[in-house]
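Thanks for coming, everyone. Let me put the structure up, and then I'll walk you through it.

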Amino acid sequence: MAGRLNLFQRMMLRWRELHPYNPVHVVLIPAPLDRARLQACIDRHLESLGLTGLVVDLKRWRFRYAGGPANADLSVRAAGADPISVLSAEIEREFNAWFPDEIRTTPFRFVAVDAGGEFHLALAYDHFVAGGDSIALLLRDIAERYTGGVPAEAALQPLEMYPATYRSLLLRHPLWVLQGLTGLPRMVASARRSFRPRYGSAGDQYNAFKLFSLGPGALDGLRGASKAWGVTFNDLLMASVLQALAPLAPERARQPRRRELAVASIVNIRDDFGPAARAALSPFLASFRVSHPVPAGIGLRELVRAVHAETARVKAKRADLVSLLALGVSGLMWPFLSLRLRARFFIKYHTAWAGVTTLNVNTLWGRRDGRDAPFDYIRAVPTGPLCPMVFAVTTVRDVLHVGVSYRTAAFSPAAIDGVAKEFVRCVESLREEPCS
């Protein structure tokens, strides 16, 4: 049996023609590393789920898992005196490393960063095969196999190998499609008002990476401000990213038309596809943009209210589906574009400085047995052609881990350090006066 690749998966494969598109998830396993045992746990788990021998038919946009031994790629690095620096370097390396172009392959790579009594296990994967929520479950189950926290049989998550595509969603909800079509002019107008990031070279898509974390006080501040101001957690993150980006483009205030900064939110729409999709590995994603002039001196509360007004409209009108229509149109144009134009296509028409993607691991893992997250967890999501920076925000236990990927053709490490510092300042300020 073979499954059909959905719209977002097809676009991911097109992006992969330009540069690797490999997210990386990391779980901290509080046990000494035994490489042979870890390899066996990984291989047995992938084989038990049938996630081996991937075959992709690009002409017909179909895929199937043919089975066979996993023989997963597992490398080991010594943590040294600074495990996080070593881990960050490995994440960056995985961002920019191609998966083998073979007829049958296992689209997963593993790296263990050994710190003696514990180790980080990083999983890099070809993004078209899986959503981040599915990977978080898969990686947790491998960690639990290794630590013996649950019997191996209980760790198995039955998968829907070949779920429905976006076509079924759009056919079931034609009103959403009509609402999406009516939102296209608004999206185009917003893009024309948005100031474009500057690239040294559109063809240089090397991804660098920065990781930082925020403790319980920051998380409490976000929750408190969200409740007091009547906005969402994601609204606050998007507004904080907008404020953090504003110092990078002061010249936009002098532009006659393009004065706004835009950020995108990546949306998981898996639940829209029903119970079968919840058991699928495949990604079910959409996105939407929010833009604002972010004038000098604007407060976070005022900015987040403007962001919330836009995100509330997106949810009410299902305007996130506009992104699917736009992907469909770009997919039709793709064969007629040169490599140079493909690299510049989204730079010209999408006009977003950063993307924000969130995952609450506490909630996701709690679906099974209600326990607190048994492991620390970090995510890193590459930029792709849609925008030159991505904030991957992961909530686990009482900590926020923020992985920032960025195109070095657009941003220097010093610029990213400044963005991260301003983002932290915005978030930390919420616990001081969340109702001000």
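**Helix H2 and what packs on it**

Start with H2. Its buried residues are Leu38, Gln39, Cys41, Ile42, Asp43, His45, Leu46 and Leu49. Keep in mind that this is a predicted model. What sits over those buried residues? The cover includes strands E5 (73-78), E6 (108-114) and E7 (119-125), plus helix H4 (132-147).

Now the ends of H2. At its start, a side-chain oxygen of aspartate 34 comes to within 3.2 Å of the backbone nitrogen of alanine 36. Just after the helix, glycine 50 has a positive phi of about 80 degrees. How does the length work out? At 1.5 Å a residue, the 15 residues of H2 should span 21 Å, and the end C-alpha atoms are 21 Å apart, so the two agree.

Next comes leucine 51. It lies in the loop between H2 (35-49) and strand E3 (54-57). Is leucine 51 buried or exposed? Its relative accessibility is 1%, and the cut-off for buried is under 20%, so it counts as buried. Setting aside neighbours within four places in sequence, leucine 51 contacts Leu46, Tyr65, Thr106, Phe108, Leu138, Leu159, Met161 and Leu281.

**The E3-E4 hairpin and helix H1**

Follow the chain on. E3 and E4 make a hairpin with four residues between them. In that turn, tryptophan 61 has a positive phi of about 55 degrees. The two strands run antiparallel, joined by four bridges. Valine 56 has phenylalanine 63 in E4 as its bridge partner.

E4 also pairs with E1 (residues 3-4), again antiparallel, through two bridges. There, glycine 3 stands opposite phenylalanine 63. Look at the faces of E4 (residues 62-65). Phe63 and Tyr65 are on the covered face, while Arg62 and Arg64 are on the uncovered one.

Now H1, residues 7-16. Eight of its ten residues are buried. Among them are Phe8, Met11, Leu13 and Trp15. The cover over H1 includes E1, E3, H5, E10, H11 and H12. At the start of H1, a side-chain oxygen of asparagine 6 reaches to within 3.1 Å of the backbone nitrogen of phenylalanine 8.

**The cores**

Which residues have the most contacts inside the largest nonpolar core? They are Trp15, Phe108, Phe110, Leu121, Met389 and Phe423, in a core of 127 residues. Beyond its sequence neighbours within four places, leucine 121 touches residues including Val26, Ile29, Leu38, Leu74, Phe110 and Ile142. There is also a second, separate core of 14 residues, which includes Phe95, Val113, Ala122 and Phe209.

**Salt bridges**

On to charge. Side chains of opposite charge can pair when their charged atoms come close. The count here is 17 salt bridges.

Take arginine 77 and glutamate 90, with closest N and O atoms 3.1 Å apart. Arginine 77 is in E5 and glutamate 90 is in helix H3 (residues 83-95), so the pair ties together parts 13 residues apart in sequence. Arginine 77 is partly exposed, at 27%. Glutamate 90 is buried, at 10%.

Second pair: aspartate 272 and arginine 318, at 2.9 Å. Both residues lie in loops, so this bridge ties together parts 46 residues apart in sequence. Arginine 318 is buried, at 13%.

Third pair: glutamate 422 and arginine 425, 2.7 Å from N to O. Both are in helix H14 (residues 413-429), three residues apart, about one turn of the helix. Arginine 425 is partly exposed, at 44%.

Last, the network. Arg77, Glu90, Arg93, Glu94 and Arg109 are joined into one by salt bridges that share partners.

Notes
Residues numbered from 1 in each chain as written. Predicted model: local features only at pLDDT ≥ 70, side-chain atom pairs only at ≥ 80, totals over all residues. Heavy atoms only, no water. Buried < 20%, exposed > 50% of the residue type's maximum accessible area, 1.4 Å probe, protein only. Contact = heavy atoms within 4.5 Å. Pairing = 2+ DSSP bridges. Polar contact = N/O pair within 3.5 Å; in protein donor to acceptor, adjacent residues only side chain to side chain. Core = buried A, V, L, I, M, F, W, Y, C linked by side-chain atoms within 4.5 Å. Expected span 1.5 Å × (residues − 1). Salt bridge = Lys/Arg side-chain N within 4 Å of Asp/Glu carboxyl O.
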